[in-house]
Amino acid sequence: MEPVLQVLAIEPTSQVLGQEPIVPLAILLLVILVVPILFERLRLPGLVGFVGSGVVLGPSGWNLFHSDLSIINLLSDIGLVYLMFLVGLEQDFRQLHQNQKHSWGFAGFTCAIPLLMGILLGRFFGFAVNTSILIGSLFTSYSLLAYPILSRLGVINNQVVSATIGATIFTDISAVLILDVCLFSLKADVLSLSYILILLGRLVIYTTIILVSFDWAGQEFFRRSGDDEGNKFLFVLLSVFIALISAQFMGIAKIVGAFLAGLAVNTVVGESPTKDKLVFVGSVLFIPVFFVNLGLLIDLPDWSSNITTLKLMLLVVVGVIVSKFLAALLAKICYRYNWQEMLIMWSISLPQVSTTLAGTFLGYRAGLLSMEVLHSVVALMLITSTLGPLLTNQLAISVTPTPLAEPLIVNLPEQKISEKQSIFTIVVPIYNPQTQQYLMEIAALLAHPEKSKIIALSIATAATRMDSPQLETSLQQSERLLAKANDQSRNLGIEILPLLRIDNAFASGITRAAREQKANLIVMGWDKRTGLRSRLFGNVIDTVLWASHCTVAVTRLVESPQKIQRILVPLENLTSPVFSAVKFAQMLADTNQAQVTVLNVCDRRISSSKIAARRSQLAVLVSQLALQNPPEIQIISHENVAQAILQAARLYDLVVLPFVRNYTIPGGLVISDLATQIARQLTCSIVILREAQNTQVSPTPKSVANTTSTV
């Protein structure tokens, strides 16, 4: 082989990869692109594919990569930090506040029992005390891989589910702090009480500085930067690296700094487009490389032939499963849960991914954990990340969705409007001449002549100088669009109020004008194209959906709204505030004398009695809307919710999708939300309706608008 290479003047593969960092980077990008698609079809977590790719590409497989490649090490280190930053950023304090007593109780059980189990396992195999404690800390935390399943089934607000979700805050913090103590022990000859007190003092000072100063600085910067999402994004990234540098100066582990930085900017970032971009950048590049690098470290022949490794792996997996079961059992006894609820709590707390892998990687790199422990934890991750969601899907089906505790509030025309605002105002932003006609038509259908006002809004983007030729050109274009909208309104037999606004961006102009005009509804248009730029920096619809004070209807109309005769409203669950979509659909139907069908898809394994109960519950909730012409209610059983809705939608002219933000697992390890899957494949007209902010209570975001382009 060597003579052939010499003749062809081709260097061996390993030398080429070592000298040209572009080559491994290109291969990594290919893996990151292809693997999630394949594993999503297999209904397996993408992280399993990334680790497996590392094994295949590494010394145990094709030997293309080695863990000492500089480009992989750099991206992997950033991915590790980014992973822990997102763990802190994704903490949902609302879940903890909703059920504090049960959350703290279960958190104590699921920390103490697995910690003790890990220490006993470590001592049984002859590991040092600090190594055994570190192994125990790896067992305490868990990742909410089953959140999309729970959200789809509508059981997020169930007391047991809410307590288990809320407990992750305490378990993650505990695991990170114990890890830092174990790493700190390497610097001390003897881990005495004085050393521990010194470390705790540093942690208290460091945590206080990070949480207080970063929160204050973030609030000030976000307030002063206005709508510049790029600057906000860079500010948050800068905050993370400042936290890392500060942690190194104080002798604290980097992942502690990254985790605390995520907690510090959690409330500042909120559910904004900035958060979507932060998650996007990490999940499409840095974090997948970390998982691939983890796979490169695995020695597959040693894993399969070493009896000690196999024995340790078996005991680690069994130990975690048993300890989590005992923690859920204690919670059942203390809070009088039934067996079904206890098993759900156990299945949710099984997956060991984000914090567990980060701690294992650092422990292995620092020399605290051996290769056998690394292999065992990777096996634990692969098994629990697959087993946990499967068990949750089986067990949560039988849980009755939690009914809405408060009466439905729908911010649409038939709703009682305050005395100060007796006119229902619809704002129609016009930018794309191709969608303008249908937007005016649907606004006319929604408006009542004697009680409504339609505002045609055109935004002229401002230049640095108000006398610039670019601004003059933008003003002329906006005036032409408004003149065209005025002609269209006369043809429709309605009156509109043209409004031209100068602003520095389309999204901010729309949201500010809607607020100034005290709008009740914004009607926008979109298509299903998207690009990398819009995913990185956001688009008009992303920002309007997040920032608007009122209800927003994002439409893609393939034919005139006046021709719509059959409308489908699929409801993913009965707990989210999705019933404004039913109200919206019925308003269109009343104008066109059309038929509305409310569709809810159940799993095939649900019994007929539970289907009947769900039908009754749905009928009661729909009756609260007090509609003059109640819609048809249809419940079907199917193994794939999205596929069932797509099949049913073939018979309808319009599908109204409630906008429900989706929970994002740190690292982007999440199944796409239902609305996104449907919107990408539907061929009929679509309306995605987001209720007003004051009535919208939703989990952490995964914006449906990422399937869209501009207005």
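Reader: In this predicted model, which residue forms a salt bridge with R365, the closest N and O atoms being 2.9 Å apart?
Author: The model is predicted, and side-chain atom pairs are counted in it only at pLDDT 80 or more. The partner of R365 belongs to helix 5 (residues 70-89), while R365 itself belongs to helix 19 (residues 354-366), so that the pair links distant parts of the chain, 288 residues apart. R365 is partly exposed, with a relative accessible area of 41%, and its partner also counts as partly exposed, at 22%. The residue that completes this salt bridge, with 2.9 Å between the closest N and O atoms, is D77.

Reader: How far apart in sequence are R490 and D487?
Author: These two residues form a salt bridge in which the closest N and O atoms are 2.5 Å apart. R490 counts as exposed because its relative accessibility, 55%, is over 50%, whereas D487 counts as partly exposed at 39%. Both lie in helix 22 (residues 469-492), about one turn of the helix from one another, which is a separation of three residues.

Reader: Is D503 buried or exposed?
Author: The side chain of D503 meets that of R512 in a salt bridge, at 3.2 Å from N to O, and both residues belong to a network of salt bridges that also includes R501 and E516. R512 counts as partly exposed, with 35% relative accessibility. For D503 the relative accessibility is 5%, and because the limit for this class is under 20%, D503 counts as buried.

Reader: Which residue stands opposite D503 of strand 3?
Author: Strand 3 covers residues 496-503 and is an edge strand of the sheet, pairing on one side only. It pairs with strand 2 (residues 452-461) in the parallel sense over eight bridges, and I454 stands opposite I496 in this pairing. Opposite D503 stands T461.

Reader: In what order do the ten strands of the open sheet lie?
Author: The edge strands, each of which pairs on one side only, are strand 3 (496-503) and strand 8 (632-637), and neighbouring strands are turned by 25° against each other on average, direction ignored. The pairing within this open sheet is mixed, and the order of its ten strands is 3-2-1-4-5-10-9-6-7-8.

Reader: How many of the ten residues of strand 2 are buried?
Author: Strand 2 pairs in the parallel sense with strand 3 over eight bridges, and six bridges join it to strand 1, again with the two strands running parallel. Strand 2 is mostly covered, and the number of its ten residues that are buried is eight.

Reader: Which residue of strand 2 is the bridge partner of T425?
Author: T425 is found in strand 1 (residues 424-429), and with a relative accessible area of 2% it falls under the 20% limit and is therefore buried. Leaving aside residues up to four places away in sequence, T425 touches K453, I455, Q517, K518, A519, N520 and L521. Among these contacts, the bridge partner in strand 2 is K453.

Reader: What angle does the direction of helix 25 make with that of strand 4?
Author: Helix 25 (residues 540-547) packs on the sheet, where it touches strand 4 (521-525), strand 5 (551-556) and strand 10 (685-690). Helix 27 (residues 608-623) lies across strand 7 (595-602) and strand 8, and runs at about 150° to strand 8. For helix 25 and strand 4 the angle between the two directions is about 165°.

Reader: Which residues touch the most other members of the largest nonpolar core?
Author: The largest nonpolar core has 95 residues. Apart from it lies another core, of 44 residues, among them V428, V569, L588 and V687. One of the residues asked for touches F233, L237, L278, V281, G282, F286 and I287, not counting residues up to four places away in sequence, and this residue is Y82. The full set with the most contacts to other members is Y82, F85, L278 and F291.

Reader: How far apart are the end C-alpha atoms of helix 3?
Author: Helix 3 (residues 22-41) has 20 residues, and at 1.5 Å a residue it should span 28 Å. Its buried residues include P24, L28, V31, I32, V35 and F39. The distance in the model agrees with the expected span, because the end C-alpha atoms of helix 3 are separated by 30 Å.

Key. Residues numbered from 1 in each chain as written. Predicted model: local features only at pLDDT ≥ 70, side-chain atom pairs only at ≥ 80, totals over all residues. Heavy atoms only, no water. Pairing = 2+ DSSP bridges. Helix = DSSP H or I, 4+ residues; strand = E, 2+ residues; numbered from the N terminus. Axes fitted to C-alpha atoms, helices over the stretch in contact; angles between N-to-C directions. Contact = heavy atoms within 4.5 Å. Salt bridge = Lys/Arg side-chain N within 4 Å of Asp/Glu carboxyl O. Buried < 20%, exposed > 50% of the residue type's maximum accessible area, 1.4 Å probe, protein only. Expected span 1.5 Å × (residues − 1). Core = buried A, V, L, I, M, F, W, Y, C linked by side-chain atoms within 4.5 Å.
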